[in-house]
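Please find below a colleague's note on the structure, set out as numbered points.

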Amino acid sequence: MRNIKKQTILLCATGLGIGWIPRAPGTFGSLLGPPLVAGLLWFHPGWPVYLLVSVIIFLLGVYFCDQGAKLLGIDDPGCIVFDEIGAFTVVLLPAFHLELNLRFFWVSVIGFLWFRLFDIWKPWPVRYFDRIHGGWGIMTDDYVAAVYAAICLYVTLILLGWF
């Protein structure tokens with residue numbers, strides 16, 4: 001039973017195994033974020049439900065990332081990508097009102113680019129949270145980068161006249 005638990009934790013923490021891709025696992029993991037958000041938006045949740053689900057995903061991520069890092073014996077392994085995936089619930093907040101169509105796809109692409117910029121660059125305070133050990137640090141730095149990305153996505157959508 002313990003082996004199944006460990007495998008489940010690693011499967012979740014690595015984004016169903018996508019984190020094991022040898023090059024740029026965070027980028028590939030981030031590709032799962034927009035489909036996650038699209039799946040959530042397909043149910044047409046109200047703001048409170050969407051935000052509650054985002055918080056639950058964050059808390060699950062703290063657990064999965066913390067346990068996954070401990071199982072691998074590395075403080076913040078690159079193969080753990082649950083943080084990149086879950087952060088898209090914040091990145092795509094400006095797209096909450098959009099229908100799931102081609103425009104949502106392009107908004108997701110733009111949000112993806114903004115998020116990767118801030119996740120790789122790690123401006124303050126993202127870099128500060130990146131130094132925190134365990135699941136809280138693994139998750140929080142990506143969620144802070146997601147806030148930056150969401151703000152830039154919002155401004156981009158205004159400039160494109162999509163709001």
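The points below cover the basis of the model, a helix, a nonpolar core and a loop residue.

1. This is a predicted model, in which local features need pLDDT of at least 70, side-chain atom pairs count only at pLDDT 80 or more, and totals for chains, interfaces and linings use all residues. Residues are numbered from 1 along each chain as its sequence is written, and side-chain values use heavy atoms, with hydrogens and water left out.

2. Helix 5 (residues 82-91) is largely enclosed by the rest of the structure, because 10 of its 10 residues are buried (under 20% relative accessible area, 1.4 Å probe, protein chains only). Helices are DSSP runs of H or I with at least four residues, numbered from the N terminus. Among the buried residues of helix 5 are Phe82, Asp83, Glu84 and Phe88. Its buried residues pack against helix 1 (2-13), helix 2, helix 3, helix 4 (47-72), helix 6 (102-121) and helix 8 (134-159).

3. The largest nonpolar core (buried Ala, Val, Leu, Ile, Met, Phe, Trp, Tyr and Cys residues joined through side-chain atoms within 4.5 Å) has 41 residues, of which Leu92, Phe104 and Phe115 touch the most other members. Two or more residues of this core come from each of helix 1, helix 3, helix 4, helix 5, helix 6 and helix 8. Helix 8 gives the largest share, 10 residues.

4. Not counting residues up to four places away in sequence, Phe115 touches residues including Ser30, Glu84, Phe88 and Asp142 (contact means heavy atoms within 4.5 Å).

5. Leu31 lies in the loop between helix 2 (25-30) and helix 3 (33-42). Leu31 is partly exposed, at a relative accessible area of 45% (the partly exposed range lies between under 20%, buried, and over 50%, exposed). The C-alpha atoms of Leu31 and Ile18 are separated by 9.7 Å, with the two residues 13 apart along the chain.
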